[in-house]
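Reader: I'm new to reading protein models. Could you walk me through this one?

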Amino acid sequence: MASRISELVLKCADPELLAQFWCGVLGYVEIDREDVGLIEIGPPEAGFGGLQPTIILMPGTDARTDRLALHIDVNPVDRDQDAELERLLALGARRLDLGQPDDASWYVLADPEGNEFCLLRRRLEP
């Protein structure tokens, strides 16, 4: 039996803001909330322990001065890449230029706190 990723933990200044953003991006819902400000979001039917990992948004004020060593990639599921890009920008994402080629098949974006993620071209089946 192999391991699998069950949770992604993201330290952030405003867990509430990022929970709202990532729920909108991924179609996730709030699964759990702890008194220390931690919010866990995940797939509505599966929740923790399902095949898709949940995301834990953990409050923290450590200033980040460099790019993250790990980032999230997302794929559109019910529209093409350009339509999904417009939807993500409307949710609060912003485009980033990190030196990717002009003809890249992906878009580099940032969430409302500046955490990088990529929107890939390939459409996945829901």
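Reader: Which helix does Cys23 lie in?
Author: This is a predicted model, so let's read it as one. Follow the chain to residues 15-26, the stretch that forms helix 1. Cys23 lies in helix 1.

Reader: Is Cys23 buried or exposed?
Author: Look at its relative accessible area, which is 16%. Buried means under 20%. Therefore Cys23 counts as buried.

Reader: Which residues does Cys23 touch, not counting those up to four places away in sequence?
Author: Distance along the chain can mislead you here. Cys23 and Gly42 are 19 residues apart in sequence, yet their C-alpha atoms are 7.8 Å apart in space. Leaving out residues up to four places away, the partners of Cys23 are Tyr28, Val29, Glu30 and Ile41.

Reader: Which helix supplies the largest share of the largest nonpolar core?
Author: That core has 21 residues, and Trp22, Ile41, Leu57, Leu88 and Phe117 are those with the most contacts inside it. Helix 1 and helix 2 each supply at least two of its residues, as do several strands, including strand 3 (39-42). The largest share, six residues, comes from helix 1.

Reader: How is helix 1 oriented relative to helix 2?
Author: The two helices pack at an angle of about 165°, with axes 10 Å apart. Angles over 145 degrees count as roughly antiparallel. So helix 1 and helix 2 are roughly antiparallel.

Reader: Which residues of helix 2 make the contact with helix 1?
Author: The crossing of these two helices is right-handed. On the helix 1 side, the contact is made by Phe21, Gly24 and Val25. On the helix 2 side, the residues are Glu84, Arg87, Leu88 and Leu91.

Terms used:
Residues numbered from 1 in each chain as written. Predicted model: local features only at pLDDT ≥ 70, side-chain atom pairs only at ≥ 80, totals over all residues. Heavy atoms only, no water. Core = buried A, V, L, I, M, F, W, Y, C linked by side-chain atoms within 4.5 Å. Buried < 20%, exposed > 50% of the residue type's maximum accessible area, 1.4 Å probe, protein only. Helix = DSSP H or I, 4+ residues; strand = E, 2+ residues; numbered from the N terminus. Axes fitted to C-alpha atoms, helices over the stretch in contact; angles between N-to-C directions. Parallel < 35°, antiparallel > 145°, perpendicular 65-115°, else oblique. Left-handed = near helix turned anticlockwise from the far one by under 90°. Contact = heavy atoms within 4.5 Å.
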